[in-house]
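Hi everyone, thanks for coming. I'd like to walk you through a structure that may be new to you, so please have a look at it before I start.

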Amino acid sequence: MQRERYITFTNEEGNVYNFSSIGPNGIIEKAIQFIPIANKLFNLVLGDRDRHTGELRDDVRTNNGDRDKILATVAYSVVDFLSCHSGCIVYAAGNTQARTRLYQMSIANNLKEITPILHIEGFANGHWEPFRIGISYEAFIAKSNPKL
Amino acid sequence: MARNNSRKTNRDGVIVVKHLRDNSNDPFPRMKTEKAKAFIEKHGLPEGFTNEKKKSKP
C-alpha cells in the first residue's frame, strides 16, 4: 500500500499495533487491538492510549491533522494482521456513527490497494454485501482474498 | 519502546516488540467487543465468512 502511514509496533502474538500520531496537537499514542470474538473471528478496536493509565480510550477527539495517515495505518494493520493469521476474519464497527464513517473512509480511501488482498463486506439495510463506495454501512467484515 | 527488545520484520513498516501492553481487558475494548458479539449473534456472518470446515467428499 503506497499511501503515507505510520510505522507500527506489534507484539509477538500480532494482536496489537501501536503507533504515534504526530501533528499540531503533539504526539498522541494510538493503538489498534484485535480482540477474539469467536473462533478465528476478531474485533478491531482503535483508540488513544491514555497518557496516565495506559488504557485504550475512544472518547477523545484529537484532531491532529493526520486523519488520512491514521486511516491508511489502520487499513494496513488489517492487511498485516490477516496475512499473519491465516483463515481469520476481522469485524469492525465504530462506537458512534462518526467513528463508523471513519472506518468506511479508511476502506474507501485505500480500496484500490486493498481489494486484491482482502475481501470486504459491509452491513447495510439489514444484510451483508460486498463493500461499495457511497453506501453508508453499520459494520464491516474482512478476510484474506480467497483468490490469493 | 522500540529501541530495546525489538526486531524489524520484512513486513513493511511493522516492528515486533516484546512485552507490548495488551489492552483487550480495558473497559472500552471489552464493551466494544461485547457489542460486536451481540451484532454477530443477531445478524450472523456473510456467506463465505463462516469458519465451518468444509465437509470432505466421500
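Let me begin with a question: how much area does chain B expose, and what share of it do carbon and sulfur atoms supply? The exposed area of chain B is about 4700 Å², and carbon and sulfur atoms supply 47% of it. Please keep in mind throughout that this is a predicted model.

Let's stay with chain B for a moment. Chain B has 58 residues, and 29% of them are buried. Its secondary structure consists of one helix and two strands, and if you read along the sequence you meet them in the pattern β-β-α.

Now to the place where the two chains come together. Between them, chain B and chain A bury about 3600 Å², with 60% of that on carbon and sulfur atoms. Which elements of chain B each supply at least two residues to the side that touches chain A? They are strand E2 (14-17) and helix H1 (27-43) of chain B. Of the elements on that side, H1(B) gives the most, with 12 residues. Sorted by character, the residues on the side of chain B that touches chain A are 17 nonpolar, eight polar and 10 charged. In total, the contact takes 35 residues from chain B and 49 residues from chain A.

And what kinds of polar links do we find there? The count of residue pairs in polar contact between chain B and chain A is 17, with both partners at pLDDT 80 or more. Salt bridges between chain B and chain A, on the other hand, come to zero.

Let me pick out one residue at this meeting point, B:Asn23. You can find B:Asn23 in the loop between E2 and H1 of chain B. Is B:Asn23 buried or exposed? Its relative accessible area is 0%, so B:Asn23 counts as buried. The side chain of B:Asn23 makes a polar contact, at 2.5 Å, with the side chain of A:Arg49. Leaving aside neighbours within four places in sequence, the residues in contact with B:Asn23 are A:Gln33, A:Arg49, A:Gly54, A:Glu55, A:Leu56 and B:Pro29.

One name in that list deserves a closer look from the other side: A:Leu56. A:Leu56 sits in strand E5 (residues 56-57) of chain A. With a relative accessible area of 1%, A:Leu56 is buried. What does A:Leu56 touch, apart from residues up to four places away in sequence? In chain A there are A:Ala31, A:Gln33, A:Val45, A:Gly47, A:Asp48 and A:Arg49, and in chain B there are B:Asn23, B:Asp26, B:Phe28 and B:Pro29. As for A:Val45, it is 11 residues from A:Leu56 along the chain, and the C-alpha atoms of the two are separated by 8.9 Å.

B:Asp26 brings us to the salt bridges. How many are there over all chains? The count is seven. B:Asp26 forms one of them with B:Arg21, where the closest N and O atoms are 3.3 Å apart. In this pair B:Asp26 is buried, at 6% relative accessibility, whereas B:Arg21 is partly exposed, at 36%.

Another salt bridge joins A:Glu4 and A:Lys69, with 3.4 Å between the closest N and O atoms. This pair links distant parts of the chain, 65 residues apart: A:Glu4 is in the segment before strand E1 (8-10) of chain A, while A:Lys69 is in helix H1 (residues 67-84) of chain A. A:Glu4 is exposed, with a relative accessible area of 58%, and A:Lys69 is partly exposed, at 21%.

A third example is A:Arg132 with A:Glu129, where the closest N and O atoms are 3.0 Å apart. Here A:Arg132 is partly exposed at 46% relative accessibility, but A:Glu129 is buried at 11%.

Last stop: A:Gln104, in helix H2 (residues 97-109) of chain A. A:Gln104 is buried, with a relative accessible area of 11%. Beyond its neighbours within four places in sequence, A:Gln104 is in contact with A:Phe131, A:Ile135, A:Ser136, A:Tyr137 and A:Phe140. A:Ala31, which we met as a residue touched by A:Leu56, is 73 residues from A:Gln104 in sequence and 18 Å from it in space, C-alpha to C-alpha.

That's my tour. Thanks for listening!

Terms used. Residues numbered from 1 in each chain as written. Chains lettered and ligands numbered in written order. Predicted model: local features only at pLDDT ≥ 70, side-chain atom pairs only at ≥ 80, totals over all residues. Heavy atoms only, no water. Salt bridge = Lys/Arg side-chain N within 4 Å of Asp/Glu carboxyl O. Helix = DSSP H or I, 4+ residues; strand = E, 2+ residues; numbered from the N terminus. Buried < 20%, exposed > 50% of the residue type's maximum accessible area, 1.4 Å probe, protein only. Contact = heavy atoms within 4.5 Å. Areas by Shrake-Rupley, 256 points an atom, 1.4 Å probe, with all protein chains shown as cover. Buried area = accessible area lost by both parts, 1.4 Å probe. Polar contact = N/O pair within 3.5 Å; in protein donor to acceptor, adjacent residues only side chain to side chain. Nonpolar A, V, L, I, M, F, W, Y, C, P; charged D, E, K, R; others polar.
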